[in-house]
Amino acid sequence: MRQTLKSALSLIATAIVGTSLGVAGAQPRRATTSMAPADILRVANVGDAQISPNGQWVVYTVSTVAGDETVSTLWLARVNATAANPSTSTSPPTSQRLPTTDWPDQRSAPTPLLADGWNASDPRWSPDSLKIAFLATQDDQQGLWVVNLDKREPRLIASLQNTNFFITYAGEELAWAPDSKRIAYISASEESPHDALVQGTQAPASDDPRVIDRIQYKSRTSFSDNLRTHVWITAIDKPEPRQLTSGPYYDHAITFNPSGDEIAFLSNHEADPDANNNSDIFAVDMHAEVRQITATRGCEHEPAWSPDGKWIAYTATKRDVTTIDSVAEDTHVWVTNAAGSSARELTAELDRRARNPRWSPTNRAIYFLAGDHGSTYLHAIGLSSSGRIAWRVLLPSPLSGPADSFTTRPFQIGSFSISARTETVERGSDYLYEGATIAFALGDAVHPAEIWVAKSVEGLRTWAMQIQRVTSHNDNRSRSIVEPEEIKFKSFDGTPVQGWLMKPAGWRENRKYPLILSIHGGPHGMSGWAFNPTFQVYAARGYAVLYLNPRGSSGYGQKFSDGTLNDWGGGDYKDLMLGVDEALRKFPWIDRDRMGVTGGSYGGFMTNWIITQTPRFRAAVSVASLSNLISFYSTSLYQDLIHAEFGGFPWDNYDLLWQWSPLRYVKQAQTPTLFIHGEQDNDVHITQAEEMYTALKRRGVETVLVRYPREGHGLREPKHRVDALVRTLAWFDRYLK
């Protein structure tokens, strides 16, 4: 039985991706121009794909810029039926990757779900596929709303209150009961602090003076309020909201069990949650009785109850020291029985960072996303003890099917959901297929994400997919796009490193071009096969763009992700510099005397580090950057980032933190540097930029600090986003052209 099951499930690795769509004919291409800074606001952010349980509809979000604000709207698309007999194969798909300029036409006609004027998010289907719940603020009323599919008139079900406290892995905020008559949700309420007295003085009711008595007293852009998030429930027809959990905790990430009598959620019940990031899984019943399901040293995230109610899938880490920021340890998929007495790690052998576990409707497998070499693919894994190999479900390979099939590049999937209904199709005596419909947001290096659907077909000997694009919100771009070229090289110690280079728009072989090295944040982020409008603007301005995944990046296994521990600016810096050397060797048209460097957050740290270690870059733009790891510890929202990355407190490892602080080496800096920072950034406080800026200014190095009011870690206001890009280009133009 063990061998038979393993052989049957391993055929998932031979998945073929078929298309039920065809391109009717080559369409005439409209005249195009290169992307300008303002064009970054014209890219629609399409995501949160939610397939209806019956597999017939998909609702999703589209974020666009209107005036000087970003508005999120809900759209609805009908899923076209696909062929009943998908093509199948037991042969591995070819790894060949063929370039393609255009995606296939989409045949559905998505429409807005709500009337103009709504700013909504988090759409979630009722189990009967007749209603959609969502979050929105309308007429100054923030709340949970429900709209019927046949009557597009939203009803306010419950008023909501949010906390400004930063909750990492916040997870699902809505969860329908199986009967479609009730819905659970997360809302905040006022809670008394642990200690109402501070040094014998009654805590004031106002914030003048502001009395601080906790570690996590900052939110991302302000000061943490005294609100705590809890689990609530209400009926839909006659709403009577009722709070189920309470206490000085931040309950979040909810999932209903299939019998409708318990809701699982995450919470940190440590004695001092601010000092110890340790979320566990709990469950609360309809009588507000809470029980704890997991009690581990690591963190559990994203619980998802199985359709049969026996299991809860989730992602988790195991290390007892972690961080609410960029964590080095990869999350893996786990499963526990509903009692919490038997937990198993399922994806350790995959050795990739997993997220978004979702059950197949048959309970046979768990689907999830995992990053790998710059791509983010959908995977599946069986529940049996022998089924420890995870398989990619969608592959960037030539697709089998009719002559009008298309091919894809490597891609990234941002979100997905699975229908609850399956169909059984018999083909001969050996095959039985039970397929669910999967909706997902997918984009690649030259296409912003759109919504796609795929019909999975699971059989004893084969596994297949049929894929269909259902949206085209970004198809009307009239701007030329540059496609990146992948590069690979061995670093100083033999470690393989991956990167990409974009040629300047209108590139000609007989010319020399300046280069911009752009460094991702984290340090455990991942650059890759995703559309980057900022890079496209750089290329349009005549720059080659180089971006790499140095050690510390996710998507390459745990050892690679751990590559920055106790070593910020060590091996990762060498990877980056050797990547530049490789680009200069492989692309002799790059002008080595006209190179710039930029990056945000950890990429800003690395920009500051680079300008203190080498004069090879003629200009730098440092965004939301770190410069002093000692002062960063006491001013950042993320003190535990230092614990997790450097193994202790500043008073115990002062010399190590100062060793890896760019400010220590500022006397060596010669590179003209532009600093960009949000004035309300509590992730990386603006004093980090001020320290570096002041030191460079005092030393006579060309430098400018641009402060953006009201902004946190990453610019949100559209005018600020464009302004920062315009200033970045002007800075590079000044020194590199």
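User: Which residues of α10 are buried?
Analyst: You're looking at a predicted model in which local features need pLDDT of at least 70, side-chain atom pairs count only at pLDDT 80 or more, and totals for chains, interfaces and linings use all residues. Residues are numbered from 1 along each chain as its sequence is written, and side-chain values use heavy atoms, with hydrogens and water left out. Helices (H or I, at least four residues) and strands (E, at least two) are DSSP runs, numbered from the N terminus, while buried means under 20% relative accessible area, exposed over 50% and partly exposed in between (1.4 Å probe, protein chains only). For α10, that gives Pro718, His720, Val722, Ala724, Leu725, Thr728, Leu729, Trp731, Phe732, Asp733 and Leu736.

User: How far does α10 reach from its first C-alpha to its last?
Analyst: Helix α10 covers residues 718-736, which is 19 residues. The expected span of a helix is 1.5 Å times one less than its number of residues. That puts the expectation for α10 at 27 Å, and the model's value is close to it, at 27 Å.

User: At what angle do α2 and α10 pack?
Analyst: Axes are lines fitted to C-alpha atoms, for helices over the stretch in contact, and angles run from 0 to 180 degrees between N-to-C directions. On that basis the axes of α2 and α10 sit 11 Å apart, and the packing angle is about 35°.

User: Which residues of α10 do Thr534, Val537 and Tyr538 meet?
Analyst: Those three belong to α2, and contact here means heavy atoms within 4.5 Å. Across in α10, their counterparts are Leu725, Thr728 and Leu729.

User: Which residues have the most contacts inside the largest nonpolar core?
Analyst: A nonpolar core is a set of buried Ala, Val, Leu, Ile, Met, Phe, Trp, Tyr and Cys residues joined through side-chain atoms within 4.5 Å. In soluble globular proteins, nonpolar side chains tend to be buried together. The largest core here has 56 residues, and the best-connected ones are Leu517, Leu546, Trp568, Met606 and Ile610.

User: What is Met606 in contact with, leaving aside neighbours within four places in sequence?
Analyst: Met606 is among the residues with the most contacts inside the largest core. Skip those sequence neighbours and its partners are Ile519, Gly569, Asp572, Tyr573 and Leu576.

User: How many bridges join β11 and β14?
Analyst: Two strands pair if DSSP finds at least two bridges between them. Strand β11 (residues 182-190) is mostly covered, with seven of its nine residues buried. Ile186 stands opposite Val231 in β14. The two strands run antiparallel, and their bridges number nine.

User: Which residue in the turn between β10 and β11 has a positive phi?
Analyst: β10 (residues 174-176) pairs with β11 in the antiparallel sense over three bridges, one of them pairing Ala175 with Ala184. These strands form a hairpin with five residues in between, and the turn residue with a phi of about 65° is Ser180.

User: What is the relative accessible area of Glu302?
Analyst: Glu302 sits in strand β20 (residues 300-305) and has a positive phi of about 55° although it isn't a glycine. Glu302 counts as buried, with a relative accessible area of 15%.

User: Which residue does a cis peptide bond join to Pro209?
Analyst: Pro209 lies in the loop between β13 (201-202) and β14 (227-235). Omega is about 5° for this cis bond, and the partner is Asp208.
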